Each structure stands twice: as structure tokens, then as C-alpha cells.
Amino acid sequence: MNQEVIIVGGGVIGLLSAYRLAKAGQSVLLLESGSVGTEASWAGGGIVSPLYPWRYSPAITALAHWSQDFYPQLGERLFEQAGIDPEVHQTGLYWLDLDDEDEALAWAGREARPLHRVGMDEVHAAIPALGKGYSRAVFMSGVANVRNPRLLRALRAALKLPAVRIIEHCQVTGFVCERERILGVQTDQGAMHAERVVVAAGAWSGKLLATLGLALPVKPMKGQMILFKREPDFLPSMVLANRRYAIPRRDGHILVGSTLEDVGFDKTPTVQALESLRQTAVGLLPGLAEAEVVKHWAGLRPASPEGIPYIGPVPAHEGLWLNCGHFRNGLVLAPASCQLLADLMTGQVPCVDPAPYAPAGRL
């Protein structure tokens with residue numbers, strides 16, 4: 001059967017792209033080399049904001065703002081359709097001892113975001129568990145985190161649609177081409193054909209495009225996280241200091257992350273990272289000193305120049321599309337990225353200006 005669209009990659013970008021395209025009337029075949037939703041999307045923390053939003057280009061800001069505004073209704077819609085609550089949890093976020101606090105506040109003024117200075121007495125009153133030794137804080141209300149493993153399960157369940165087929169444990173090895181036209185993909189289960197192919201394979205996207213002689217500057221960057229369990233009200237807000245963060249889930253689980261390691265496709269958790277993250281956790285929240293580390297894991301972020309994803313058609317390869325290279329912000333930017341892709345592929349008015357993400361001129 002010749003599908004309208006093949007999507008390569010079953011992370012949040014691939015799943016949400018499939019969902020958006022199916023809702024727009026396209027038939028979709030999604031191919032995943034392992035199990036759906038088990039790579040970077042599962043491994044991330046799920047903060048629905050870039051860690052330091054004022055340090056990013058307007059291209060990231062545009063996608064982030066659209067997605068942040070959309071996440072609550074996405075969570076509700078998926079809960080209704082799939083019966084799985086992704087837990088879009090609005091806790092707000094405190095940044096402690098920022099070097100560029102003035103720039104952050106100036107950015108918030110320009111972008112009309114609710115970021116403001118708060119006194120440390122107020123911070124300690126709001127988060128009694130916070131460690132001592134911090135001297136300054138800014139707070140942005142309304143920032144949410146999403147429980148990403150649940151989001152991925154909800155998306156998978158919501159894709160039980162007549163127009164969508166998912167094949168797991170299917171390795172895509174290359175493309176079916178006729179001159180410069182892409183007609184499908186080569187897999188370890190044989191050739192599969194479609195009118196258009198979307199590469200949403202995260203850190204593996206560059207490897208796949210290399211089979212066409214294309215140099216896509218997307219590479220893996222390892223990140224390690226640890227998970228604690230405390231009572232549900234132990235940490236009421238997210239906190240971030242010295243590039244590390246603590247994220248509370250509604251049930252008292254607390255994620256602490258993360259490392260940033262350029263080690264290729266190795267995602268083995270290390271003892272050094274475990275100790276470093278535990279030290280960070282106890283410095284931020286001394287009450288975690290006695291808490292057991294419930295889990296420790298690593299994932300591979302799809303690093304790209306300036307973290308700006310590639311979204312749109314690939315020039316000189318008719319039928320080939322990209323939605324990849326989101327670096328640290330795949331979960332943050334997914335709703336806008338996948339809506340933009342669907343808009344472009346179905347001829348709708350784009351939800352944001354597509355120019356900064358176009359592969360043309362960037363490969």
C-alpha cells in the first residue's frame with residue numbers, strides 16, 4: 001500500500017507529526033527502529049520552556065511561545081482521547097543566582113512574559129526545602145512541566161486511528177529514489193513507498209540523510225538524569241541553578257538533571273554523573289540527602305547549530321521533509337514544530353513564520 005506520508009522516528013516529534021497529519025486528512029505510516037517513545041523524548045525532564053529562554057534566538061522563542069500556550073489544551077485533548085493524563089503541571093520556575101539576570105528581565109519585558117525578581121525570603125517561604133547559600137532569584141509563573149513518558153503513551157494511544165499505521169523495530173537504512181525524487185524508504189523489512197517521507201529521527205537524522213550525500217549538522221549529545229521520590233508537596237515549583245534543575249511531579253517524584261556530554265551514540269549511565277547529579281540535588285534541596293535515587297538514566301539529544309530545528313522540505317530532493325534537530329527543546333517545541341510541518345505539508349497558513357527552520361540553505 002502506498003501511503004501518503006512515511007514518518008521515520010517514533011519520539012515526540014514523530015508521534016505528534018503523525019497525529020497532526022492524520023487530523024489533517026493524511027494517511028501515515030510511522031517507522032521506529034526500537035520501541036516508540038523510548039529515546040530522547042522519554043529521557044528528558046519535560047520543562048515546557050527552554051532552560052534559559054532569553055539566551056535563544058527569536059526562532060526558538062516563536063516556537064516555544066506557541067507551544068507553551070498550546071500545551072494545556074493538548075494535555076486535555078489527549079486525556080479525553082486516550083484516557084492517559086500527560087500531567088501538564090503548571091508550577092512556575094525559579095532561577096537562582098543568574099549571571100545575566102538583567103538580560104533575562106529585559107527579554108521578559110520585550111516578550112511580555114511574567115518573569116520578575118523575588119526576594120530570597122519569599123523564595124524560601126514558597127520552597128521551604130530549598131538549600132541556603134543562594135542570594136538572588138527570578139521567578140516566572142505559569143511555566144509547566146509535562147510528564148513526558150505519559151505524554152508519549154497518550155500520543156501512542158491517540159494514534160489508534162484508521163489513517164495511521166505504526167511499525168516498531170523497523171530499521172530505516174536509506175531511501176527509495178528515482179533521480180532526485182524520494183519515493184519511500186529502504187528498511188530491514190524491505191522497501192516501503194510513500195508520496196512523501198518525513199525524517200524525525202532525532203540524533204540519528206544526520207546518519208540517515210548521509211545516505212543521500214546530505215550533511216545535516218545534527219549529532220547526539222548525551223544527557224543524564226536522576227529521579228527521587230518525596231511527599232507530593234516537598235517541592236511546589238521547579239528550580240534551576242548553575243545549569244542544573246529540579247522538577248517536581250504531582251505524585252512527589254523529583255527529577256534532577258542534567259549533564260551535557262559529547263560522547264557520540266553512547267548512552268550508558270555513569271557513576272561520575274550519578275554522583276555529580278546527587279551532589280547538585282542535595283545542594284539545591286538538602287532534604288534529598290536521605291532520599292533514595294529511584295532511577296538513573298541517559299538519553300541522546302539531537303544537537304543542532306543554535307538549537308534551531310530543521311522543519312520543511314529538502315531542496316533538490318522532492319518528497320523529502322525534515323522535522324528534527326531540536327537539541328534540548330524537543331518536548332518544549334514539539335506542538336509548534338509539528339503543527340508547522342503539518343501546515344506546510346497540507347498547504348495551510350503556517351502557525352509561525354517557517355523561514356528560520358527551512359532546510360534550504362542550511363544543509
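**Note on a pocket and the nonpolar cores**

1. By class, the second largest pocket is lined by 5 nonpolar, 2 polar and 4 charged residues (nonpolar: Ala, Val, Leu, Ile, Met, Phe, Trp, Tyr, Cys and Pro; charged: Asp, Glu, Lys and Arg; polar: the others, Gly among them). The model is predicted: local features need pLDDT of at least 70 and side-chain atom pairs count only at pLDDT 80 or more, while totals for chains, interfaces and linings use all residues. Residues are numbered from 1 along each chain as its sequence is written, and side-chain values use heavy atoms, with hydrogens and water left out.

2. The lining of this pocket consists of Trp42, Gly44, Arg147, Pro149, Arg150, Leu227, Arg249, His253, Leu255, Lys295 and Trp297. At least two lining residues come from each of α6 (148–158), β15 (253–257) and β16 (295–303). Domain 1 (4–53 + 150–218 + 305–357) and domain 2 (93–141 + 219–303) each contribute at least three residues to the lining; the bounds come from an automatic or database domain assignment.

3. The largest nonpolar core (buried Ala, Val, Leu, Ile, Met, Phe, Trp, Tyr and Cys residues joined through side-chain atoms within 4.5 Å; buried means under 20% relative accessible area, 1.4 Å probe, protein chains only) has 50 residues. Those touching the most other members are Ile7, Val12, Leu21, Tyr71, Leu78, Leu151 and Tyr357. The largest share of this core, 10 residues, is supplied by α9.

4. Beyond its neighbours within four places in sequence, Ile7 has contacts (heavy atoms within 4.5 Å) that include Leu21, Val28, Val198 and Ala200. Another core, apart from the largest, has 28 residues, including Tyr94, Ala129, Leu235 and Val239.

Note on methods:
1 Å grid on protein atoms, 1.4 Å probe; cavity = no way out; pocket = protein on both sides within 12 Å on 5 of 7 lines; lining within 4 Å. Helix = DSSP H or I, 4+ residues; strand = E, 2+ residues; numbered from the N terminus.
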